[in-house]
Amino acid sequence: MSVNRILVRTTYMELLADAPIRRSDRKRPDYELRQAVTPSPERARFLYTAVGCRWNWTSRLGWTYAEWERYLSDERISTLILPRA
């Protein structure tokens with residue numbers, strides 16, 4: 001029996017609170033990222049599947065609503081949204 005395998009690489013980015021942040025000299029973009037004020041398990045799952053399908057994100061596909069709520073309740077987690085113009 002043949003088994004197809006997919007190599008998956010998980011990469012994390014961390015911004016430490018005490019790390020100095022420098023302003024960019026670049027021209028301000030025509031868009032603005034906004035932080036979602038109210039954590040939403042529905043939105044988080046939608047974004048996870050919409051963005052992650054191309055990258056084979058599968059580890060959270062089986063999460064329940066309660067698991068998404070618990071994950072989003074972590075103060076270190078935030079959702080950034082790029083609204084349509």
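**Exercise 1. Which helices and strands make up the secondary structure of the protein, and how many are there of each?**

*Preliminaries.* This is a predicted model, in which local features need pLDDT of at least 70, side-chain atom pairs count only at pLDDT 80 or more, and totals for chains, interfaces and linings use all residues. Residues are numbered from 1 along each chain as its sequence is written, and side-chain values use heavy atoms, with hydrogens and water left out.

*Solution.*
Step 1. Apply the assignment rule: helices (H or I, at least four residues) and strands (E, at least two) are DSSP runs, numbered from the N terminus.
Step 2. The result is two helices and two strands.
Step 3. Read from the N terminus, these elements follow the order β-α-α-β.

**Exercise 2. Determine how spread out the protein is, and how its contacts and surface are distributed.**

*Solution.*
Step 1. The radius of gyration is taken over C-alpha atoms, and the globule rule is 2.2 Å times the number of residues to the power 0.38.
Step 2. For 85 residues the rule gives 12 Å; the radius of gyration of the protein is 17 Å, well over that value, so the protein is more spread out than a compact globule.
Step 3. The C-alpha trace spans about 55 × 35 × 30 Å along its principal axes.
Step 4. Contact means heavy atoms within 4.5 Å. Among the contacts with a separation of 6 or more, 60% join residues 24 or more positions apart.
Step 5. Accessible areas come from the Shrake-Rupley method with a 1.4 Å probe, and for residues only the protein chains shown count as cover. The accessible surface is about 8900 Å², and carbon and sulfur atoms hold 52% of that area.
Step 6. Buried means under 20% relative accessible area, exposed over 50%, and partly exposed in between (1.4 Å probe, protein chains only). Of the 85 residues, 11% count as buried.

**Exercise 3. Describe the aromatic pairs and state which residues they link into a cluster.**

*Solution.*
Step 1. A pair of aromatic rings is described by the distance of the centres and the angle of the planes.
Step 2. Rings of Phe, Tyr and Trp (its six-membered ring) pair if their centres lie within 6.5 Å; planes under 30 degrees apart count as stacked, over 60 as edge-to-face and the rest as tilted. The count by this rule is five aromatic pairs.
Step 3. One of them joins Tyr48 and Trp68, edge-to-face, at 5.8 Å centre to centre and 65 degrees between the planes. This pair links distant parts of the chain, since Tyr48 lies in helix 1 (residues 41-52) and Trp68 in helix 2 (residues 65-72), 20 residues apart.
Step 4. Tyr48 is buried at 7% relative accessibility, and Trp68 is buried at 3%.
Step 5. The ring centres of Trp63 and Tyr71 are 5.4 Å apart with planes at 65 degrees, so this pair is edge-to-face. Trp63 is partly exposed at 25%, and Tyr71 is partly exposed at 25%.
Step 6. Ring pairs join Tyr48, Trp57, Trp63, Trp68 and Tyr71 into a cluster.

**Exercise 4. Identify the salt bridge and give the exposure of its partners.**

*Solution.*
Step 1. Side chains of opposite charge can pair when their charged atoms come close.
Step 2. The criterion is a side-chain nitrogen of Lys or Arg within 4 Å of a carboxyl oxygen of Asp or Glu. The whole structure yields one salt bridge.
Step 3. Its partners are Arg76 and Asp74, at 2.7 Å from N to O.
Step 4. Arg76 is exposed, with a relative accessible area of 71%, whereas Asp74 is partly exposed at 23%.

**Exercise 5. Locate the nonpolar surface patch and characterise Asn56.**

*Solution.*
Step 1. Patches are made of residues with over 30% relative accessible area and no salt bridge: like charges are joined within 9 Å, nonpolar side chains (Val, Leu, Ile, Met, Phe, Trp, Tyr) within 5 Å.
Step 2. Tyr31, Leu33, Leu80 and Leu82 form a nonpolar patch of about 430 Å².
Step 3. Leu33 lies in the segment before strand 1 (34-35) and is partly exposed at 48%.
Step 4. Asn56 occupies the loop between helix 1 and helix 2. Its phi is near 60 degrees, a positive value in a residue other than glycine, and Asn56 is partly exposed at 33% relative accessibility.
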